[in-house]
Amino acid sequence: MNVTIEENRSHPRLPDLLGAYHLVNQAEKGNAVTAVAELPAVYRGETEDPAAVFTADTVLLATPAGADLPAGCVVLKAPCEGRTPEIKRLWVAPEARRRGIAKALMAEALRRAAASGAAAVRLTVWNWREEPLALYRSLGFEAVASWDERPELLCLEKTLERTPEKARENARGTAREETAGPTESDRVERLTPDEVRAHASAGLAALLVDAVDGGASVGFLAPLAVPEAAAWWSRVADEAAGGTRDVWAAHGPDGTLTGVVTLVRGTTANGRHRGEIARLLVHRSARGRGLGYRLLATAEAHAAATGLTLLVLDTQTDSPAERLYRGAGWTAAGTIPDYAADPAGVPRATTLYYKRLG
């Protein structure tokens with residue numbers, strides 16, 4: 001379908017599109033109102049004077065071929081204080097959906113973000129909005145650690161490639177920029193049992209200690225001593241040698257370990273078709289760039305390739321990790337109250353998840 005994209009934060013059609021977006025969004029959140037005038041002030045202001053509210057942002061509108069007025073909109077927020085630019089207010093009128101308008105708007109927003117030199121773009125989406133989630137995933141967005149603590153709100157991010165124009169502009173930069181080369185991404189690879197042992201007392205122990213220090217409920221109380229963490233990884237190495245656990249680690253550009261995930265295989269006669277994702281850890285210094293999702297996807301792909309048809313896991317309810325799993329297509333099976341203590345010793349609820357493979 002042919003779609004004309006234009007940038008115009010003053011278009012007379014924009015208030016109607018934004019109003020429809022907010023009315024539906026409020027209803028989905030359980031705060032339904034019947035008219036734009038009843039919206040919370042912060043949202044009502046967007047519909048009253050979008051040009052003023054989005055004065056520093058890029059507002060795109062999409063008009064289908066043969067139509068007189070735009071049928072969709074999206075806002076690319078200008079980066080603030082060095083933060084990653086964010087996509088907001090993606091909306092397509094119901095009568096114009098399933099024609100590729102949302103995808104066209106997103107593609108243009110991503111193109112403009114890349115042309116501006118942004119390294120990544122982020123957005124949030126409620127986990128019940130299946131169609132937008134499918135679109136974002138198809139465009140390469142991945143779940144990342146949450147920057148918004150509202151329950152059921154997923155935080156996604158996409159790494160951008162530089163456009164040819166931006167690449168030429170960067171090539172004319174300082175001598176330091178010319179010789180530094182492109183930034184390397186974290187390298188994810190499977191560890192042999194000997195490699196697990198070699199990293200147990202250093203990189204792997206540091207990841208586990210960092211997770212516990214950061215409040216993650218991963219089986220230990222704070223403060224976690226390095227020797228205790230190293231001893232646990234040594235036992236993991238024995239399990240890897242015995243064929244019951246696989247381990248993948250992420251290596252940063254300087255070789256340090258930035259993340260890890262393990263897959264525990266079922267050993268009973270009636271459970272050899274399933275596995276458990278355990279100890280998905282990303283160092284706090286490496287979060288916000290989709291590494292957790294990459295580690296999880298790597299373990300899932302290996303599980304499927306080696307004949308497993310079902311994966312399970314458990315995680316603390318309402319934790320950032322829970323949002324990652326939901327964003328990666330896992331299904332919540334139920335919640336158990338006071339199942340495990342957090343690092344401070346306080347009992348917390350745990351949610352059980354599963355995912356079918358193949």
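This is a short dialogue on reading a sheet, a surface patch and a helix in a predicted model.

Reader: What should I know before I start?

Author: Residues are numbered from 1 along each chain as its sequence is written, and side-chain values use heavy atoms, leaving out hydrogens and water. Because the model is predicted, local features need pLDDT of at least 70 and side-chain atom pairs count only at pLDDT 80 or more, while totals for chains, interfaces and linings use all residues.

Reader: Which strands are the edge strands of the open sheet?

Author: Strands are DSSP runs (E, at least two residues), numbered from the N terminus, and two strands pair if DSSP finds at least two bridges between them. Here seven strands form an open sheet with mixed pairing, in the order β8-β9-β10-β11-β12-β14-β13. Its edges are β8 (187-191) and β13, each pairing on one side only. β13 runs antiparallel to β14 (residues 347-356), joined by seven bridges; Thr331 has Tyr354 in β14 as its bridge partner.

Reader: Is Ile336 buried, partly exposed or exposed?

Author: Buried means under 20% relative accessible area, exposed over 50%, and partly exposed in between (1.4 Å probe, protein chains only). Ile336, in strand β13 (residues 331-341), counts as partly exposed because its relative accessibility is 31%.

Reader: How far apart are the end C-alpha atoms of helix α4?

Author: Helices are DSSP runs too (H or I, at least four residues), and the expected span is 1.5 Å times one less than the number of residues. For the 15 residues of α4 (residues 101-115) that gives 21 Å, and the end C-alpha atoms are 21 Å apart, which agrees. Buried residues in α4 include Ile101, Leu105 and Met106. Gly117, which follows α4, has a positive phi, near 100°.
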